[in-house]
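Q: Please take a close look at one part of this model, with the pairing of charged side chains as the subject. I would like a careful, connected account rather than a list.

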Amino acid sequence: MPFANFKVPAGSLDEKQKELIVTRTTDLYAEIYGERARATTLVLVEEVADGGWGIGGHVLTLAMIQESPEG
């Protein structure tokens, strides 16, 4: 059974965007493994609590991720 797990910041995606991740990921697995994989493809979109992850030793928040780059 193909499986994909997406971890995203809580509140960063609406329901339509989550649905798009699920459908496109399922389509990709079906393209790679054949249509027989579509019925058993599991896609999990997990929302990580604000401040629950980091990069390079620094905790990230949704506000930090949504900031536009300075330039």
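A: E46 has a relative accessible area of 27% and therefore counts as partly exposed, since that class lies between the limit for buried, under 20%, and the limit for exposed, over 50%. These values come from a predicted model. The side chain of E46 meets that of K7 in a salt bridge, with 2.7 Å from N to O. This pair links distant parts of the chain, for E46 belongs to strand 2 (residues 42–48) and K7 to strand 1, 39 residues apart. K7, for its part, is partly exposed as well, with a relative accessible area of 48%.

A search of the whole structure finds five salt bridges, and the pair of E46 and K7 is one that can be followed in detail. Another joins K18 to E47, whose closest N and O atoms are 3.0 Å apart. Because K18 lies in helix 1 and E47 in strand 2, this salt bridge ties together parts of the chain that are 29 residues apart in sequence. The two partners differ in their cover: K18 is buried, with a relative accessible area of 14%, whereas E47 is partly exposed at 40%. Nor does the pair stand by itself, as E15, K18 and E47 are linked in a network of salt bridges.

A further salt bridge brings the side chains of D27 and R38 together, again with 2.7 Å from N to O. Here D27 sits in helix 1 and R38 in the loop between helix 1 and strand 2, so the parts tied together are eleven residues apart in sequence. Both side chains belong to partly exposed residues, D27 having a relative accessible area of 38% and R38 one of 32%.

The surroundings of these pairs deserve a look too. In helix 1, which also holds T25, a relative accessibility of 10% makes T25 a buried residue. Leaving aside residues up to four places away in sequence, T25 touches A4, F6 and V43. Helix 1 (residues 15–33) also contains Y29 and Y33, which are four residues apart, about one turn of the helix. The search of the whole structure finds one aromatic pair, and these two tyrosines form it: their ring centres are 6.0 Å apart and their planes are at 25 degrees, so the pair is stacked. Y33 itself is partly exposed, at 43% relative accessible area.

On the surface, M1, F3, L42 and L44 make a nonpolar patch of about 420 Å². M1 comes from the segment before strand 1 (3–9) and is exposed, with a relative accessible area of 73%.

As for the whole, the protein has two helices and four strands, and its elements run β-α-β-β-β-α from the N terminus on. Among contacts between residues at least 6 apart in sequence, 64% join residues at least 24 apart. Buried residues make up 24% of the 71 residues, and the radius of gyration is 15 Å, where a compact globule of 71 residues would have one near 11 Å. The C-alpha trace spans about 45 × 25 × 20 Å along its principal axes.

Technical notes: Residues numbered from 1 in each chain as written. Predicted model: local features only at pLDDT ≥ 70, side-chain atom pairs only at ≥ 80, totals over all residues. Heavy atoms only, no water. Phe/Tyr/Trp six-rings, centres within 6.5 Å; stacked < 30°, edge-to-face > 60°. Buried < 20%, exposed > 50% of the residue type's maximum accessible area, 1.4 Å probe, protein only. Patch = residues over 30% accessible without salt bridge, like charges linked within 9 Å, V, L, I, M, F, W, Y side chains within 5 Å. Areas by Shrake-Rupley, 256 points an atom, 1.4 Å probe, with all protein chains shown as cover. Salt bridge = Lys/Arg side-chain N within 4 Å of Asp/Glu carboxyl O. Contact = heavy atoms within 4.5 Å. Rg over C-alpha atoms; globule rule 2.2 N^0.38 Å.
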